[in-house]
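Morning, everyone. Today I want to talk about empty space inside a protein. Let's bring up the model.

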Amino acid sequence: MLDANPTTSRTLDESVLLSKPELVLGRYRLMGANSTGGFGTVLTCWDTRLQRRVAIKRMPLVPMAEGAGAASTVAEALTEARTASLLAHPNIVTVYDFESDANWAYLVMEYVDGLNLTELLARVEGGTLNGDECAYVVSCVADALAFAHENGVLHLDIKPSNIIIDHSGNVKICDFGMATLASATGFGDARGGTVGYMSPEQIKGQMVDERSDVFSLGVVVWQALTGSNPFAAATAEQSLKLIEHGPRTKLTKTVPDAEGISEQALLGALAPLASARTPSVSEFANELTFTLGDISVGAESIRHLLSQTGQRQEDEDAWEGDGLPIYFRYPWVPPFITRVTAALTSGFAGLLSLRFLFVSDSTAWIAAGIFAGVSAVWPPLGSALAIIAALLALLTTTSGAAAILLPLVLGIVLISWWAFLGTADNHSTPTVTLPCCLGSPIAGANWAAAFLSPLQALAAGAAGWLMGTMFLLCIHSGFDAAEIVSQLPELALRPATWIGFAGCAIAAATGAGLTRIRPTAGFAVTGQIACALLLITSQLLAVRVENGGIWLAPSWETTGIAVVLCVLVSIATVLSGPPLQDLEDDDYEFDQEL
């Protein structure tokens, strides 16, 4: 997997909904994650400030308390990484920013649309490049390394996966300065290189200089020409033994055209002793390409090879520029809509109850406005206030045992849901306030299907149905607890009641499950349609049971609410982008590539 390019980016974890994703470094919206690289994980992100795609390499730092001198070692390594990030060269991946905190280091880089050399070799016939193509790649890499060396920066991890070629044939190197940082933070030994490409002095932990990068580039060239790494091994010690004995097979047996100056140049770069090695990367490249091939012909051939690989995956085409969902271009919009919806529904539901608590309508409106304002700040508190207002209306409107028992039971059930699930997600609030506002117990199911995980949606659908049903009884009875209690036995014994209750919960959970099969608008809309169909079906069954097995259409109000909400939520999903799965940064595993 290339380190600054998500061409083979894996799909986000599809098991959990990302209802309120955090921005990386407060600015970069996570779009995907590549496989773990040598020193960390590369995150593909959208820069919400400059409206462009970037690649962010993130790696863990040793805590300051671990071991004597650990803090200073990390600080020195961070300084070197910052210095490396200042390199500006057409063959070096541009670094936009470098940040660190107590636990992590972040390297924000340009997003390169193409393949790394490992991927390119895997796609070409025989897994090798011809002399012209290799000459072009080596020339570009050598130019970048020579520029870095002139500025006092070593790479120390030259390998095929750190050499990226975009779809225009431009060759770039990434991860300058990361090897030293990786070694200082315990991410690898021998200054953080990769087994099979590290020079002997790097493996031994001895002094390293430009000749270490020359050696690594020599190994890459050998692999590109022959299709195999002569020093690949399971451990650094085994690789060192192979290096000391030299390549087992002569280069000319595989690449007859490399006989002469090119072969001698390559063997000079792979010398076990640094003192016997070619002293500079420019000298090595000049000697190698002198007879290896034509650089201009190789450039055209590489461009042709990259054009055959096609652009990024089809499902990534939509992530460019204006095609990006609103969610990425304007990340504040979806949370804003959620807060506004929660505020309006909490305020209105509260108002319906508060009118029975206060003699003055103006007082009720003021209190409802407070409910809405509080809900806009923290949506879960809005649903709690709406529930409490309804319970207080029941307590104060009538007297007697019913006025105490009914609010007590309802309070235990609804507050328990709120404490365990309602506070877990800002999207939970409308699932219980929408049924109160729209006068339909099923009104919260579509919202739950769009924004909650299947288990959360199941619970929210059930809680919304209960809240909506009891709220309707309260409104029709004028919050007369005694009258409501007298109706409850008959209501509880009706099969239609339980069909509606189960249908609402199952529809919400089913819709949420379909929405999260894949993070695409198509699956999100499918989830909404399935939720609406199940809601209507449950109402059909309830009406049939109520009418002695005769099939009759449910009320137009119920059907209309299910259809309208399905359409509205689907439109919002298509416009703003489907909900993403929960993939917090801490979920990434960091494996060292040694």
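Which helices each supply at least two residues of the lining of the second largest cavity? Keep in mind that this is a predicted model. The answer is helix H15 (379–397), helix H16 (401–422) and helix H19 (454–477). H19 gives the most, with four residues.

Now some context. The count is three cavities of 30 Å³ or more. The second largest has a volume of about 60 Å³. Here is its lining, so you can find it on screen. Start with Ala390, Leu391 and Leu394. Add Leu410 and Leu414. Then take Met467, Met470, Phe471 and Cys474. What about class? Nine of the lining residues are nonpolar, and none is polar or charged.

Next, the largest pocket. Its volume comes to about 690 Å³. The lining runs to 26 residues. Which of them lie nearest the centre of the pocket? Those are Pro441, Thr469, Leu472, Arg494 and Gln539.

H19 comes back here. Along with helix H20 (481–493), helix H21 (495–515), helix H22 (521–546) and helix H23 (556–576), H19 supplies at least two residues of the pocket lining. The largest share is from H19, at five residues.

The pocket lining divides by class into 12 nonpolar, 10 polar and four charged residues. Set that against the second largest cavity, with its nine nonpolar residues and no polar or charged ones.

So, one helix to take away: H19. H19 gives the most to the lining of the second largest cavity, and H19 also has the largest share of the lining of the largest pocket.

Note on methods. Residues are numbered from 1 along each chain as its sequence is written. This is a predicted model: local features need pLDDT of at least 70, side-chain atom pairs count only at pLDDT 80 or more; totals for chains, interfaces and linings use all residues. Side-chain values use heavy atoms; hydrogens and water are left out. On a 1 Å grid over the protein atoms alone, a cavity is a set of points where a 1.4 Å probe fits but cannot get out, and a pocket is an open set with protein on both sides within 12 Å along at least five of seven lines; lining residues have an atom within 4 Å of a point. Grid points are joined across faces, edges and corners, and a volume is the space filled by probe spheres set on the points. Ala, Val, Leu, Ile, Met, Phe, Trp, Tyr, Cys and Pro count as nonpolar, Asp, Glu, Lys and Arg as charged, and the others, Gly among them, as polar.
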